[in-house]
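The explanation below moves from the ligand outwards to the domains, then to their sheets, and ends with a single residue. It is best read with the structure open alongside the text.

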Amino acid sequence: AARRPPVRAVSPEVLDEAVRVLRGGGLVAFPTETVYGLGADAANPDAVARVFAAKGRPADHPLIVHVASASAARAWAASFPGAARALADAFWPGPLTLVLPRSDRVPDAVTGGRPTVGLRVPDQPVARALLERFGGGIAAPSANRFGRVSPTTAAHVAADLGGRVDLVVDGGPCAVGVESTIVEVDGDRLAVLRTGAVTAADVAAVTGLPVAASPAGPARAPGMLAAHYAPSARVVLAEAPDAAETVARWVEKGHRVAVLAETLPEGLPPGVVALPPVASARDYARVLYQRLRDVDAAGADVVVAVPPEPAGIGLAVRDRLLRASRSH
Ligand code: TXA
Ligand code: MG
């Protein structure tokens, strides 16, 4: 696993090679608009088992099946209720995963034996081209080792998975930067299991139905553990007015402290690692996982993070930071 995987810039030849690897039961990491995925042929249980082995992920944490279009998604679901159709029309291709009753086509290996399957049509040119050429479904979790921060560049994937992946298709950094919103659709009952660029308010507006917010329950979306969002450094949350004081307190205790914020607090003590400020909530989401890796690379053991406003994609950034802050 210390071996580096082949990382290849996307081209028609590389996409053909990726399709060959998938058809042969191998693993291909590829970009989506959210994070890089570690893909396998969703119809091949042995290939899917390799995904769990490469990630070091427990077999009962289900995988999302990625497909090229909403009509392709229908073949993987036993039913596609009106609310799912409305959400697919509004947000596919895009950063939304629908959890629906699974069809017979879905192997047990993908869902950990659950009666439902997560489906997504990604909105990223490389992902779309790969799905179209492959023709089938690609089961893909985020392309990180279990318990690590999601990868948003090909280099993150290579550093994390090494030779456990057969091919990494490099399509540049991910535009959204946080994982897809997961909505469970049970007839007219909707629940957001994970928030992302699409918010619960967006889901309610499009469907006209009430939406249960994430119960944050591992039983609903297994695998949403705090550790998935945490760097090695301890994550400490502070609102803007308290940030400088919080930093000073951790510095006094002898820690090497990094600061992540849209506006860097004034009056920071010397020696603090000032990460490049982020321009907006959208920008915060895009760079969040890169910055968390930067914190570790800078040798900081504490990062004081000032979350963005709790609106739109800022909600997802807050969610990930909150989970990260609880993991120590
Ligand atoms: O943005 C994303 O969703 C990325 C890209 C690659 O598409 N994928 C991703 O996959 O984040 P993963 O495996 O790291 O996270 C998927 C989450 C897990 O928490 C899993 O438990 C949940 O989705 N999930 C998948 N299928 C499910 C199902 N049938 N019922 C409930 N939760 C499900
Ligand atoms: Mg993940």
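**From the ligand to the strands**

Around ligand 1 there are 27 residues, and those that come nearest are T34, G37, G118, P141 and S180. The model in which this shell is seen is a predicted one, and the values given here should be read with that in mind. Sorted by class, the shell around ligand 1 holds 13 nonpolar residues, 11 polar ones and three that are charged. At least two residues of the shell come from each of β5 (96-101) and β6 (116-120), and β6, with four residues, gives the most.

For the chain as a whole, the domain assignment gives domain 1, spanning 7-224, and domain 2, spanning 228-325. The C-alpha centres of domain 1 and domain 2 are separated by 28 Å. Contact between them involves 13 residues of domain 1 and 18 residues of domain 2; on the side of domain 1 that touches domain 2, five residues are nonpolar, eight are polar and none is charged. An unreviewed UniProt entry carries the annotation "domain: YrdC-like" for residues 12-198. Over residues 12-198 the chain is 32% helix and 21% strand, with the end C-alpha atoms 31 Å apart.

The sheets can be taken in turn, beginning with the one that has 11 strands. In this open sheet the strands follow the order β1-β8-β2-β3-β7-β4-β6-β5-β9-β10-β11, and the pairing is mixed. Its edge strands are β1 (7-9) and β11 (211-212), each of which pairs on one side only. What holds paired strands together is stated simply: strands of a sheet pair through backbone hydrogen bonds, either parallel or antiparallel.

Strand β8 (residues 167-170) gives a useful view of how this sheet is put together. L167 and V169 point one way from β8, V168 and D170 point the other way, and all of them are buried. Three bridges connect β8 with β1, the two strands running parallel, and V7 is the residue that stands opposite V168 in β8. Strand β2 (residues 28-30) is also joined to β8, in this case by two bridges and again in the parallel sense, with L167 in β8 as the bridge partner of V28. Elsewhere in the sheet, strand β4 (residues 64-66) pairs with strand β7 (residues 138-139) over two bridges in the antiparallel sense, and H66 stands opposite I138 in β7.

A further open sheet is made of four strands in the order β12-β15-β13-β14, and its pairing is parallel. Here the edge strands are β12 (234-237) and β14, each pairing on one side only. Strand β13 (residues 257-260) is covered on both faces, since V257 and V259 on one side and A258 and L260 on the other are all buried. To strand β15 (residues 302-305) β13 is joined by four bridges, the two running parallel, and A258 has V303 in β15 opposite it. To strand β14 (residues 273-274) β13 is joined by two bridges, also in parallel, and there A274 is the bridge partner of V259.

The last stop is V235, which lies in strand β12. Why does V235 count as buried? The reason lies in its surroundings: V235 counts as buried because it has 25 C-beta neighbours inside 10 Å, where the cut-off for a buried residue is 20 or more. Once the neighbours within four places in sequence are left aside, V235 is in contact with A230, V303, A305, L321, A324 and S325. Among these partners is V303, the residue in β15 that stands opposite A258. V235 can also be set beside R326, for the two are 91 residues apart in sequence while their C-alpha atoms are 8.0 Å apart in space.

How values were computed: Residues numbered from 1 in each chain as written. Chains lettered and ligands numbered in written order. Predicted model: local features only at pLDDT ≥ 70, side-chain atom pairs only at ≥ 80, totals over all residues. Near = placed C-beta within 6 Å. Nonpolar A, V, L, I, M, F, W, Y, C, P; charged D, E, K, R; others polar. UniProt positions renumbered as here; feature names shortened; annotations may be inferred. Domains from an automatic or database assignment. Contact = placed C-beta atoms within 7 Å. Buried ≥ 20, exposed ≤ 12 C-beta atoms within 10 Å, placed from the backbone. Pairing = 2+ DSSP bridges.
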